[in-house]
Amino acid sequence: MNLRILFAGTELFPFVKAGGLGDVMAALPKALRALGVDVRLLLPAHPALKQAAAPLETVLTLGDLMGGGEARVLLGRCPAGLPLYLLDQPAFFHTDAPYAPGGDMPLRFGSLAWTAAHLGRHGDGQGWKPAIVHVHDWHTALAPAYLALGGEPRPRTVLTIHNLAYQGLFPPDLLAPLGLPAACFQPDGVEFYGKLGFLKAGLVYADRITTVSPTYAREILGPAGEGLEGLLRLRNGRLRGILNGVDGDIWNPATDPLLPRPFSLEDLPARLPAKLALQRELGLREAPDTPLFSVVSRFAPQKGLDLILENLPWFQAQGVQLAVLGQGDPDLEARFLAAARLHPERVAVRIGFDEGLSHRLYGGADALLVPSRREPCGLTQLYALRYGALPVVRATGGLADTVVDATPEATREGRATGFVFGEASPGALKEALDRALSLYRNRHDTWVDLQRRAMAQDFGWTQPARQYLELYEALLASVD
Ligand code: ADP
């Protein structure tokens with residue numbers, strides 16, 4: 001193993017996870033390691049991670065970092081075998097919530113980013129030093145700034161944008177506590193309209209930028225750029241979209257212990273018990289022929305779930321069951337719960353984070369709705385494809401890159417895998433729902449063909465990992 005990469009981020013499936021970032025932080029390093037890359041991870045020492053990575057050895061003591069008290073770097077291993085550094089600073093990271101609210105957030109993640117930069121520049125004191133520090137989203141995006149501002153020699157840096165909507169914007173008086181020089185507070189540096197921007201800093205100072213799908217990489221140069229499109233256009237030569245993958249060790253309906261009974265492409269009728277069990281679990285009528293559409297999502301404005309709420313009468317009128325799992329925005333939670341109270345025979349809603357139920361929804365529902373306004377990559381539609389729930393998605397970001405709409409032509413040619421709509425409007429979603437339902441009810445053989453096609457696709461991590469490796473190698477070979 002030659003090439004040494006340090007991955008720094010905030011989530012790691014299954015211990016600390018809020019969304020897709022946790023899945024990627026667990027799966028991509030594993031896939032890179034299979035290609036011979038020496039990847040190590042750095043995360044905060046949340047209690048669940050300390051337990052999972054034990055036995056732990058203290059490799060660095062860093063003193064008081066950012067007012068969070070004595071900081072130590074511990075070294076253990078993830079269950080997948082990869083070495084895992086943990087930033088142990090109990091005042092900052094005493095729960096398992098990756099984004100526990102609190103005024104200390106910028107200093108907490110500043111401390112994590114600073115530690116990533118320190119490990120990158122000086123190594124772990126045991127002889128391991130990375131050639132590249134690869135950071136993920138705003139929480140660790142200050143690391144490229146610390147490294148670039150600290151001068152050469154330094155490791156190269158890569159920033160992956162998993163979601164540009166979250167930028168880490170804070171008051172400028174945090175500059176000094178974060179250990180950043182006053183001179184970098186300007187539009188060419190870390191300033192974003194009078195605020196200190198963590199993600200902005202990463203976009204300015206990282207040697208390479210990636211994001212999680214080719215379409216999103218194009219979209220963020222325009223209106224999806226959240227105010228950063230100008231900077232992203234400037235840095236476009238250093239920006240690349242690499243599609244996320246699916247971890248086949250976890251997401252495989254033939255071996256998934258969270259399903260009531262395994263099934264596979266070769267044995268699709270065995271999927272039916274998963275649907276019936278799901279209907280039972282959710283208190284919906286057990287009916288093999290009643291279409292069951294589902295949602296697994298964070299309740300955030302970008303997910304477009306209001307478009308589904310606007311279409312509730314459609315579910316009622318068409319006799320389609322709707323099963324929703326998610327949490328987040330209190331208003332959306334209340335509206336979905338109200339819908340379930342009003343139509344308990346038609347709509348089932350579970351508020352919360354439930355890994356097991358998410359698997360049973362992908363494995364038991366007929367379709368999965370992802371009407372996102374913005375979706376950098378999206379993993380739920382990939383899991384749904386793999387588990388034979390046909391995705392109904394809006395054509396944005398990674399959704400556009402991974403689902404082939406069942407147009408008459410694509411269906412005839414055997415390429416279709418789901419239903420895609422364009423405009424972010426209730427009417428456009430309804431049109432896609434109509435098409436899905438019509439295929440389900442009137443041409444069920446074709447529906448099953450789509451399921452087979454969806455399940456047969458390879459969205460594994462090997463291909464994306466090769467692209468990251470290629471990017472690392474090109475970066476190390478480049479002179480800039
Ligand atoms: P995002 O990262 O924007 O939340 P993704 O589609 O990339 O969206 O990833 C979402 C991940 O989180 C998937 O693994 C999905 O199964 C999971 N997930 C989302 N909400 C829940 C929930 N309420 N319970 C269990 N898993 C969830």
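This report describes the ligand site and selected backbone features of a predicted model.

## Location of the ligand

The ligand of this predicted structure occupies the largest pocket. Helix H1 (20–34), strand E13 (292–299), strand E14 (321–328), helix H12 (355–364) and helix H13 (380–387) are the elements that each contribute two or more residues to the surrounding shell.

Both domains take part in the site: domain 1 (4–245 + 461–477) and domain 2 (265–456) each supply at least three residues of the shell.

## Composition of the shell

In total, 20 residues surround the ligand. Gly20, Asp23, Arg298, Gly352 and Tyr362 are the closest of them. By residue class, the shell comprises six nonpolar, eight polar and six charged residues.

## Polar contacts and burial

Two side chains approach oxygen atoms of the ligand. In the side chain of Asp23, an N or O atom is 2.8 Å from a ligand oxygen atom. For Tyr362, a polar side-chain atom is found 2.7 Å from an oxygen atom of the ligand. Asp23 and Tyr362 are also listed among the closest residues of the shell.

The backbone contributes as well: a polar backbone atom of Asp354 is 2.9 Å from a nitrogen atom of the ligand. The protein buries 93% of the 570 Å² that the ligand exposes when taken alone.

## Cis peptide bonds

Where are the cis peptide bonds that precede Pro55 and Pro153? One joins Ala54 and Pro55, with omega at about 0°. Pro55 belongs to the loop that connects helix H2 (47–53) with strand E3 (57–64).

Another cis peptide bond links Glu152 to Pro153, and its omega is about -5°. Here the proline, Pro153, is placed in the loop between helix H4 (142–150) and strand E7 (156–161).

## A positive phi angle

Met66 is a residue other than glycine with a positive phi, the value being near 55°. Met66 lies in the loop between E3 and strand E4 (70–77). Strand E3 (57–64) also borders the loop that holds Pro55.

Note on methods:
Residues numbered from 1 in each chain as written. Predicted model: local features only at pLDDT ≥ 70, side-chain atom pairs only at ≥ 80, totals over all residues. Heavy atoms only, no water. Near = heavy atom within 4 Å. Polar contact = N/O pair within 3.5 Å; in protein donor to acceptor, adjacent residues only side chain to side chain. Areas by Shrake-Rupley, 256 points an atom, 1.4 Å probe, with all protein chains shown as cover. 1 Å grid on protein atoms, 1.4 Å probe; cavity = no way out; pocket = protein on both sides within 12 Å on 5 of 7 lines; lining within 4 Å. Sits in = over half its atoms within 2 Å of the grid points. Helix = DSSP H or I, 4+ residues; strand = E, 2+ residues; numbered from the N terminus. Nonpolar A, V, L, I, M, F, W, Y, C, P; charged D, E, K, R; others polar. Domains from an automatic or database assignment.
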